[in-house]
Amino acid sequence: MANYPTKLDGIGTRKSGADASTFAALGISTANITEPSKFVRLYAAEAITKGQAVAYTFSATEPTNGWGSTVSLADSDDITNMHAIGVAAETIASGDLGLIQVYGVCSFAFVNGGASVSDSNIGQLLCVSDDEGELELILGGGAAVGAGGGTFGVAHLLNFGTDATADSTIFLINPMNL
């Protein structure tokens with residue numbers, strides 16, 4: 001099991017410390033490590049590949065399955081799709097129902113790394129990139145809402161994989177509280 005943060009509120013991750021033997025003698029475990037994740041099922045307005053960031057679909061015409069039930073590729077260049085809600089947990093054909101991860105550790109995300117992203121950026125906030133379906137560092141080009149930008153953070157970087165490949169590990173923070 002990977003050792004990633006599991007809660008943003010409450011106790012969070014606990015490990016056995018220097019006094020672990022005292023707790024063990026009392027039958028109390030000091031390990032409280034879980035990796036909760038949250039998923040939702042939504043319709044795809046276009047073909048989506050596993051690992052791509054998605055946003056609710058907003059356009060001049062109501063989607064076939066109604067507002068709030070359809071997603072498109074997140075893209076900071078498109079004002080209607082610039083706020084990611086999560087990452088596709090499977091490849092979804094256009095019009096099909098698919099699984100979207102909105103919270104927890106995700107080990108298959110597309111992160112736009114360019115030349116400036118590495119594992120030294122662990123913990124930094126990620127927002128939607130101008131490359132469809134990819135996330136990027138807020139400090140790496142995307143500006144946070146209120147700081148001259150229009151997109152908000154959706155995850156923290158835990159491990160950078162390969163640029164434009166679904167192999168980076170992130171911690172999704174469920175920005176839409178789904």
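**Exercise 1. Place a salt bridge.**
Glu-90 is partly exposed, with a relative accessible area of 26%. The model is predicted. Find which side chain meets Glu-90 in a salt bridge, and state which parts of the chain the pair ties together.

*Solution.*
Step 1. Recall the cut-off: a side-chain nitrogen of Lys or Arg must lie within 4 Å of a carboxyl oxygen of Asp or Glu.
Step 2. Apply the cut-off to Glu-90. Its partner is Arg-41, at 3.5 Å from N to O.
Step 3. Locate both ends. Arg-41 sits in strand β1 (residues 38-44), while Glu-90 is in the loop between β4 (84-88) and β5 (97-110), so the salt bridge links parts 49 residues apart in sequence.
Step 4. Check the exposure of the partner. Arg-41 has 48% relative accessibility and counts as partly exposed.
Step 5. Count. The rule gives one salt bridge.

**Exercise 2. Classify a loop serine.**
Decide whether Ser-69 is buried or exposed. Then name its contacts beyond four places in sequence.

*Solution.*
Step 1. Find the residue. Ser-69 belongs to the loop between β2 (53-56) and β3 (70-73).
Step 2. Take its relative accessible area, which is 17%.
Step 3. Compare with the cut-off: buried means under 20%. Ser-69 is therefore buried.
Step 4. Leave out neighbours within four places in sequence. Ser-69 then contacts Leu-42 and Tyr-43.

**Exercise 3. Examine two positive phi values.**
Ala-164 and Asn-174 both have positive phi. Give the value, place and exposure of Ala-164, then do the same for Asn-174.

*Solution.*
Step 1. Start with Ala-164. Its phi is near 60°, and the residue is not a glycine.
Step 2. Place Ala-164. It lies in the loop between β8 (155-159) and β9 (166-173).
Step 3. Classify Ala-164. A relative accessible area of 41% makes it partly exposed.
Step 4. Turn to Asn-174. Phi is about 55°, again positive in a residue other than glycine.
Step 5. Place Asn-174. It falls in the segment after β9.
Step 6. Classify Asn-174. At a relative accessible area of 11%, it is buried.

**Exercise 4. Judge the confidence.**
State the mean pLDDT of the protein chain. Then decide how to read residues 144-148, where pLDDT is below 50.

*Solution.*
Step 1. Take the chain as a whole. Mean pLDDT is 80, and 73% of residues reach 70 or more.
Step 2. Look at residues 144-148. This stretch has seven contacts in the model beyond near neighbours in sequence.
Step 3. Apply the general caution. Predicted coordinates should not be read in detail where pLDDT is low.

Notes
Residues are numbered from 1 along each chain as its sequence is written. Side-chain values use heavy atoms; hydrogens and water are left out. Helices (H or I, at least four residues) and strands (E, at least two) are DSSP runs, numbered from the N terminus. Buried means under 20% relative accessible area, exposed over 50%, partly exposed in between (1.4 Å probe, protein chains only). Contact means heavy atoms within 4.5 Å. pLDDT is the predictor's confidence in each residue, from 0 to 100.
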